[in-house]
Amino acid sequence: MTVPTVSFEFFPPKSLEGSFRLWDCVNTLAPLDPSFVSVTYGAGGTTRQLTHEAVTTIHKTSGLNVAAHLTCVDATKAETLQIAQSYADAGVRELVALRGDAPKGASKFTAHPEGFDNSVSLISALADMDAFNIRVGAYPEKHPEAADQAADIAFLKRKIDAGASSAITQFFFEADTFFRFRDACVKAGIDAPIIPGILPVENWAGTQRFAKQCGTHIPQVIQDAFANATRDGTTDLLATAVATELCDDLLQGGVEDLHFYTLNRPELTRDVCHALGVTPKVRLQNVA
Ligand code: FAD
């Protein structure tokens, strides 16, 4: 079986302790030679400065290829493009361009009066800068706001046509969910790579809540297994097994790249990667 290429998502720290945790995460996972690592942009644009600091610090000190997430929320077009320009100036060459969700308390996304009104217009403007490899989000079980999956995939095609080079999916639990989505995308004329997003379950209660919000289906067998593992105190073992099996099924079906949602807890992701044959490599650091 092919050894996959991996990438990792982190979130920006909000405290000194969080900074140490992120740094531990980077140091634990960097030897696995990720094709890129990404740093999220807090819901509602809440971590604008922290995301910027985390991205540029990881970029400078680790030599990893870092992708900054950027959303349209609560910013004018000029402000959003200024953030992008500051990434370009810092030598960051990858962005994950998203519409973003509503800030806490608001029920749905509303564009800033002078801001980008959707992800397609953001992607077009970023592509015009000609400075970035742009990735976007994709939804194997359809985005909760999409009328149906065909409409969602048609919108994904618009994002790719606007200048994105690849898409990273929302997390899911069954490989067939991804394969059906991938086939439908190909049928709709999308030829850009679609990278499955894998969430090793760090916190079962949190995962269930998050899955409900995103419309991610949790098969009964997984629900039962985590209920038992929670009772027995063996959730980490189960999480590693479940994620490894999912990745294995994906690789058997021709997937070559896997993107891990680490939640800044590197151990499960590291163990899954090791089980898939992704082992530490000696890295030559490109420290500025
Ligand atoms: P879009 O794809 O632009 O929109 C979602 C769906 O809504 C579309 O697929 C389409 O079906 C429908 N839709 C939207 N606009 C239109 C329109 N004008 N016409 C027709 N249909 C439309 N959120 C954050 O806040 N920060 C992050 O760092 C972050 N990182 C993420 C990373 C990944 C890999 C993923 C998958 C999601 C991430 N999110 C993040 C969540 C994301 O912001 C939400 O899912 C948001 O609701 C949609 O953003 P999007 O760019 O994927 O949306």
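The following exchange asks what supports several descriptions of this predicted model.

Reader: What makes β7 and β8 count as paired strands?

Author: Two strands pair if at least two bridges are found between them. Strand β7 (residues 194-198) and strand β8 (residues 257-261) are joined over 2 bridges in the parallel sense, so they meet that criterion. Within this pair, Ile-198 stands opposite Phe-260 in β8.

Reader: In what order do the 8 strands close into a barrel?

Author: The order is β1-β2-β3-β4-β5-β6-β7-β8, with parallel pairing. On average, neighbouring strands of this sheet are turned by 30 degrees against each other, direction ignored. Helix α3 (residues 77-89) packs on the sheet, where it touches β3 (66-71) and β4 (94-98), and its direction makes about 175 degrees with that of β3.

Reader: Why is the approach of His-69 to the ligand called a polar contact?

Author: A polar contact is a pair of N or O atoms within 3.5 Å. An N or O atom in the side chain of His-69 is 2.8 Å from an oxygen atom of the ligand, and therefore the pair qualifies. By that cut-off, Gly-100 qualifies through a backbone N or O atom at 3.3 Å from a ligand oxygen, and Asp-101 through a polar side-chain atom at 2.5 Å from a ligand oxygen. The protein covers 83% of the 950 Å² of accessible area that the ligand has on its own.

Reader: Which element supplies the largest share of the shell around the ligand?

Author: That share, 3 residues, comes from α5, while β3, α5 (149-161) and β6 (166-171) each supply at least two. By class, the shell has 8 nonpolar, 9 polar and 4 charged residues.

Definitions and conventions. Residues are numbered from 1 along each chain as its sequence is written. This is a predicted model: local features need pLDDT of at least 70, side-chain atom pairs count only at pLDDT 80 or more; totals for chains, interfaces and linings use all residues. Side-chain values use heavy atoms; hydrogens and water are left out. Helices (H or I, at least four residues) and strands (E, at least two) are DSSP runs, numbered from the N terminus. Axes are lines fitted to C-alpha atoms, for helices over the stretch in contact, and angles run from 0 to 180 degrees between N-to-C directions. Contact means heavy atoms within 4.5 Å. A polar contact is a pair of N or O atoms within 3.5 Å; within protein, one must be able to donate a hydrogen and the other to accept it, and residues adjacent in sequence count only if both atoms are side-chain atoms. Accessible areas come from the Shrake-Rupley method with a 1.4 Å probe; for residues, only the protein chains shown count as cover. Ala, Val, Leu, Ile, Met, Phe, Trp, Tyr, Cys and Pro count as nonpolar, Asp, Glu, Lys and Arg as charged, and the others, Gly among them, as polar.
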